[in-house]
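Thank you for making time this morning. I would like to walk you through one model, moving from the whole chain to single residues, so please keep the view open while I talk.

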Amino acid sequence: MKKNGIQTLVLVLFAALAAALLCACSGEERPAAAEESATLINLNGSGAEIQGVGAAANGNIISIRAGGVYFVSGKLENGQIIIDTGEAPAEVSLVLGGAEINCANDAAIYLRQAEKLRIRLEAGSENSIRSGSEADMDSWDESRTGSALYAEDDVDIEGEGTLSILGLLNSGLICKDDLEIKGGNITVLAANNGLRGSESVEIKGGTISVTAGNDGIKSTSAKKEGKGYIRLSGGTVAVCAGGDGFSAETDLLIEGGSLFVSAEKDGLQAGPANSGLGRIDISGGTSHINAGKRAVNARGTWLASGGSIFALCTEEQAGPERGGQPFLLALMESDAGDKLSVLSTGTVLADAAADFPTNYVFYSSPELVSAGEYCLSNGKNEILSTAY
């Protein structure tokens, strides 16, 4: 991914955040939606005013030391929220109600130890967490831990508010265990990886937009049995990645929701290289994939048993296992910017503009009929293709 393109996105996003957060972060009264039992953390630029138990401020470091609900609002110019509930881990809920948390050289939110961190985005609120600055986008390296949110334990995100995650120092969100997203309007901009749940990533709802210099959404660890997977069952997810769009250590399961991927490497990738392991199973939802390499790269098995899948890619694309729903796979050379379409007796079944030079077109849908003949067009040429 071109760095100057990422930097432009940074500047646009910062301008929007500044306007949105101006009012949201300025009040000090107890928000009407905050639970009466919640501890209030009002960020005030260089520190915080705290009402309630379980949290303390030492300059620009806000520590949460006990389980419970914490309502966070206001702006922290350069500091951290550190969560550590000790040797008897407890669940911590952060309710973000107009919070802007910035850290110049590390994670803005650092979950050191807890049973789980539950982040709830207050309805109507605008929130952001940021590590680093625009200048760091040119010099990130894997050894730096400065994701905007770094968690040693499970993280759940839910709610109806907005959250911008700016991982300018390295990645956007790194969770060493299980990451689950159930709701919210979430925008991620990251120099390295966008969202990473080492043991699993589950997306069940919300609207998620990820722009990443490396992989968009990934899992990395299969040390525990049944882990290392990514599952999308709901919501709308858009990924623009300089690496792979989705990268799963084991299985990648798309069961529902809407997916849009533009990736300079593989669109969907599952399994370690040369292992023969890793399953991609698309059984529902709507998927649009643009890839500079392969649209779908399963080191093991890949299945297309449901949903609508339209994919364009540069490198040779293998088809799914037979026995699923019908699919088209055809060689059609096209230029970046060409609009490719699948037609049946003049009716457009699917279309998309190519982000990269395209050699292969893949389409699978319940609308297709096995052995039926369909037209593929790039606006300059047309070919006929038979559904398998």
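What percentage of the 388 residues in the chain do buried residues make up? The answer is 55%, and I should say at once that this is a predicted model, so that every value I quote is computed from predicted coordinates. The accessible surface of the chain comes to about 15,300 Å², and 46% of that surface belongs to carbon and sulfur atoms. In secondary structure, the chain holds one helix and 35 strands. If we take the contacts between residues at least 6 apart in sequence, 56% of them join residues that are at least 24 apart.

Let me turn to the strands and how they pair. Eleven of them form an open sheet with mixed pairing, and the order across it is β3-β4-β6-β8-β11-β14-β17-β20-β23-β26-β28. The edges of this sheet are β3, at 55-58, and β28, at 296-298, each of which pairs on one side only. Within the sheet, strand β23, residues 246-248, runs parallel to strand β26, residues 268-270, and three bridges join the two. Here F246 stands opposite L268 in β26, and I ask you to remember both residues.

There is parallel pairing elsewhere as well. Strand β7 is joined to strand β10, residues 126-131, by four bridges, and these two run parallel; in β10, S131 is the bridge partner of C103. From β10 we can step on to strand β13, residues 162-167, with which β10 pairs in the parallel sense over six bridges, and there T162 in β13 is the bridge partner of E126.

Now to the interior. As a general background, nonpolar side chains in soluble globular proteins tend to be buried together. Which members of the largest nonpolar core touch the most other members? Of its 75 residues, they are I83, I217, F246 and L268, so the two residues that face each other between β23 and β26 come back here as core members. The strand that gives the most to this core is β7, residues 91-103, with six residues. There is also a second, separate core, of 17 residues, which includes A330, L368, L376 and A387.

L268 is a useful place to look around. Leaving out residues up to four places away in sequence, L268 touches F246, L252, I254, L259, V261, I280, I282, I289, A295, V296 and N297.

One of those contacts, I289, lies in strand β27, and at 2% relative accessibility I289 counts as buried. The C-alpha atoms of I289 and V261 are separated by 4.7 Å, although the two residues are 28 apart along the chain. With neighbours within four places set aside, I289 is in contact with V261, G267, L268, A295, V296, F310, A311 and L312.

S287 lies in β27 too, a strand that spans residues 279-291. Is S287 buried or exposed? It is buried, with a relative accessible area of 0%, and beyond its neighbours within four places in sequence S287 is in contact with I254, L259, I282, S308, I309 and F310.

A further buried position is L232, in strand β21, residues 229-232, where the relative accessible area is 1%. L232 and E255 are 23 residues apart in sequence, yet 6.0 Å apart in space from C-alpha to C-alpha. E255 is among the residues that L232 touches, and the others, again not counting residues up to four places away, are I203, V237, L253, I254, G256 and L259.

I will finish with the aromatic rings, for which the count comes to five pairs. F327 and Y388 form a stacked pair, with 5.1 Å from centre to centre and 25 degrees between the planes. Because F327 lies in strand β30, residues 327-334, and Y388 in the segment after β35, at 382-386, this pair ties together parts that are 61 residues apart in sequence. As for burial, F327 counts as buried at 4% relative accessibility, whereas Y388 is partly exposed, with a relative accessible area of 42%. Ring pairs also link W302, F327, F362 and Y388 into a cluster, and with that cluster on the screen I am happy to take questions.

Definitions and conventions
Residues numbered from 1 in each chain as written. Predicted model: local features only at pLDDT ≥ 70, side-chain atom pairs only at ≥ 80, totals over all residues. Heavy atoms only, no water. Core = buried A, V, L, I, M, F, W, Y, C linked by side-chain atoms within 4.5 Å. Buried < 20%, exposed > 50% of the residue type's maximum accessible area, 1.4 Å probe, protein only. Contact = heavy atoms within 4.5 Å. Pairing = 2+ DSSP bridges. Areas by Shrake-Rupley, 256 points an atom, 1.4 Å probe, with all protein chains shown as cover. Phe/Tyr/Trp six-rings, centres within 6.5 Å; stacked < 30°, edge-to-face > 60°.
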